[in-house]
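Here is a brief report on one protein model. Please have the sequence and the 3D view open as you read.

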Amino acid sequence: MKRLIAPWMVMLQAMILACGLALAGAASAADGLVQASSFKADGKLAAQRRVPILVVFTTPGCHYCERVKNEYLIPMHKDPAYRKRAIIREVTVGATTPLTDFDGTVTTEGAFAAAHKIFMTPTVKVLTPQGADTGEAIVGMLTPDYYFGYLEAAIDEGGRKVRGK
């Protein structure tokens with residue numbers, strides 16, 4: 001005896017599969033950092049939230065960049081508490097990918113990095129919603145035992161400057 005599947009069951013299975021694939025795609029996108037594309041939009045969001053923008057400048061194949069991202073910044077990016085304290089973006093030094101600057105001009109990731117005088121990666125800068133530095137950049141990996149503390153201090157200082165304290 002042949003068992004037929006009702007058309008509504010086929011549709012239900014297709015919808016469940018589509019939802020599962022969409023969720024898997026969203027989960028994998030959340031596994032990394034957000035590549036900067038519009039600092040003008042990020043600046044507006046940062047101003048609304050009253051938080052700074054943490055930018056990590058990286059280069060492809062940079063072991064220390066991957067370590068900073070994987071051990072510190074990606075976990076921060078995933079943590080809801082840090083999402084309330086800073087917007088985190090990545091800029092690839094030397095890349096020709098288009099990027100909208102804080103003032104709305106179209107540039108590239110590489111030109112943005114050059115304008116910020118990035119000479120070594122990884123470099124982390126914390127910026128105001130208007131794009132101004134809130135403190136000293138964290139250049140290189142420094143001491144791994146203290147790196148999280150350096151990031152925390154930079155975010156705290158940036159938050160104080162953004163909120164005018």
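## A strand enclosed on both sides

Start with strand β3, residues 87-92, in this predicted model. Of its 6 residues, 6 are buried, so the strand is largely enclosed by the rest of the structure. Buried here means under 20% relative accessible area.

The cover reaches both faces of β3. One side carries I87, R89 and V91. The other side carries I88, E90 and T92. Each of these residues is buried. Charged residue names such as R89 and E90 are on that buried list.

## Neighbours of β3

Two strands are bridged to β3. Strand β1, residues 34-35, runs parallel to β3 and is joined to it by 2 bridges. Strand β2, residues 53-58, also runs parallel to β3, with 6 bridges between them.

E90 has a bridge partner in each of these strands. Q35 is bridged to E90. V56 is bridged to E90 as well.

## The sheet and its helices

The wider sheet is open and has 5 strands. Their order is β1-β3-β2-β6-β7, and the pairing is mixed. At the edges are β1 and β7, the latter spanning residues 138-139. Each edge strand pairs on one side only.

Helix α2 packs on this sheet and touches β2 and β3. The direction of α2 makes about 160° with that of β3. Helix α6, residues 144-162, lies across β2, β6 and β7. It runs at about 20° to β6.

## A closer look at T92

T92 belongs to strand β3. Is T92 buried or exposed? Its relative accessibility is 17%, so T92 counts as buried, given the cut-off of under 20%.

The side chain of T92 makes a polar contact with the side chain of Q35, at 2.9 Å. Leaving aside residues up to four places away in sequence, T92 touches Q35, T58, P60, E109 and G110. Q35 therefore appears in two roles: it makes the polar contact with T92, and it is the bridge partner of E90.

## The disulfide

How many disulfides does a search of the whole structure find? It finds 1. The bond joins C62 to C65, with 2.4 Å from S to S. The link is right-handed, with 80° about the S-S bond. A disulfide is a covalent bond between the sulfur atoms of two cysteines.

Both ends are covered. C62 is buried at a relative accessible area of 11%. C65 is buried too, at 0%.

## Backbone exceptions

Most residues other than glycine have a negative phi, and most peptide bonds are trans. Some places in this chain depart from that pattern. R50 is not a glycine, yet its phi is positive, about 60°. R50 sits in the loop between α2, residues 39-49, and β2. With a relative accessible area of 43%, R50 is partly exposed.

K117 is another non-glycine residue with a positive phi, about 55°. The place of K117 is the loop between α5 and β6. K117 is exposed, with a relative accessible area of 67%. Which residues does a cis peptide bond join? It joins T121 and P122, with omega about -5°. P122 is found in the loop between α5, residues 109-115, and β6, residues 123-127.

## The chain as a whole

The protein chain has 6 helices and 7 strands. From the N terminus on, the elements run α-β-α-β-α-α-β-β-β-α-β-β-α. Of the 165 residues in the chain, 39% are buried.

Consider contacts between residues at least 6 apart in sequence. Of these, 66% join residues at least 24 apart. The accessible surface of the chain comes to about 9,700 Å². Carbon and sulfur atoms account for 61% of that surface.

Notes
Residues are numbered from 1 along each chain as its sequence is written. This is a predicted model: local features need pLDDT of at least 70, side-chain atom pairs count only at pLDDT 80 or more; totals for chains, interfaces and linings use all residues. Side-chain values use heavy atoms; hydrogens and water are left out. Buried means under 20% relative accessible area, exposed over 50%, partly exposed in between (1.4 Å probe, protein chains only). Helices (H or I, at least four residues) and strands (E, at least two) are DSSP runs, numbered from the N terminus. Two strands pair if DSSP finds at least two bridges between them. Contact means heavy atoms within 4.5 Å. Accessible areas come from the Shrake-Rupley method with a 1.4 Å probe; for residues, only the protein chains shown count as cover. A disulfide is a pair of cysteine sulfur atoms within 2.5 Å. Axes are lines fitted to C-alpha atoms, for helices over the stretch in contact, and angles run from 0 to 180 degrees between N-to-C directions. A polar contact is a pair of N or O atoms within 3.5 Å; within protein, one must be able to donate a hydrogen and the other to accept it, and residues adjacent in sequence count only if both atoms are side-chain atoms.
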